[in-house]
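Please look over the structure shown here. The questions that follow ask why certain words are used for it, and each answer sets a value against its definition.

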Amino acid sequence: MRRQSETLLLVPLLPVFLLSMFPMLLIGLLGSFGLIIFGILLVSVGLTLGLEAHGEFNQEVIVHGYARGSERATQLSHLHAAMRSAVVLEIAGAALVAAGIVGFCWFG
């Protein structure tokens, strides 16, 4: 029986490593200030996601007019789903900013 190489286990983990490399370097090199910067970036991504969701909803209403009930419910469902993820990103960003400020004040 042939044994598979352990390097094949690393292939699925490569995107996770590449995505997490930037925040870890940012936090590692800049400390609490890096945490604040990363939190501000998360808040801005959340705001952008919310604005894009509202823009798509408004464009759909303007271009196609008042839709039937089922179509309108689908549009509202997509809007609410996007807004929920945007709010989660904004809360996580605000928590990181708060943690960075506390870390900066506590550890100087």
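**Reading the terms**

Q: In which helix is Gln-75 found?
A: In this predicted model, Gln-75 is found in helix H4, which covers residues 69-107.

Q: Why is Gln-75 called buried?
A: The relative accessible area of Gln-75 is 16%, and buried means under 20%, so Gln-75 counts as buried.

Q: Which residues does Gln-75 touch, leaving aside those up to four places away in sequence?
A: With those neighbours not counted, Gln-75 touches Phe-57, Glu-60, Val-61 and Ala-67, where a contact means heavy atoms within 4.5 Å.

Q: Why is the pair of rings of Trp-106 and Phe-107 called tilted?
A: The count of aromatic pairs comes to 1. The ring centres of Trp-106 and Phe-107 lie 6.2 Å apart, and rings pair if their centres lie within 6.5 Å. Their planes stand at 35°, whereas stacked requires under 30 degrees and edge-to-face over 60, so the pair is tilted.

Q: What makes Trp-106 and Phe-107 count as exposed?
A: Exposed means over 50% relative accessible area. Trp-106 has 67% relative accessibility and therefore counts as exposed, and Phe-107, with 71%, counts as exposed by that rule too.

Q: How do you know what span to expect for helix H2?
A: The expected span is 1.5 Å times one less than the number of residues, and for the 17 residues of H2 (residues 14-30) this gives the expected 24 Å. From its first C-alpha to its last, H2 reaches 24 Å, which is close to that expectation.

Q: Where does H2 bend, and what follows the helix?
A: H2 bends by about 35° at Met-21, and a proline, Pro-23, follows within four residues of that point. After the helix comes Gly-31, whose phi is positive, near 70°.

Q: What pattern does the protein follow along the sequence?
A: The protein has 4 helices and 0 strands, and read along the sequence it follows the pattern α-α-α-α.

Q: Why is the protein called more spread out than a compact globule?
A: The radius of gyration of the protein is 21 Å, whereas the globule rule gives 13 Å for 108 residues; the value is well over the rule, so the protein is more spread out than a compact globule. Along its principal axes the C-alpha trace spans about 60 × 55 × 15 Å, and buried residues make up 19% of the 108 residues.

How values were computed
Residues numbered from 1 in each chain as written. Predicted model: local features only at pLDDT ≥ 70, side-chain atom pairs only at ≥ 80, totals over all residues. Heavy atoms only, no water. Helix = DSSP H or I, 4+ residues; strand = E, 2+ residues; numbered from the N terminus. Bend = angle between axes of the 7 residues up to and from the residue. Rg over C-alpha atoms; globule rule 2.2 N^0.38 Å. Buried < 20%, exposed > 50% of the residue type's maximum accessible area, 1.4 Å probe, protein only. Phe/Tyr/Trp six-rings, centres within 6.5 Å; stacked < 30°, edge-to-face > 60°.
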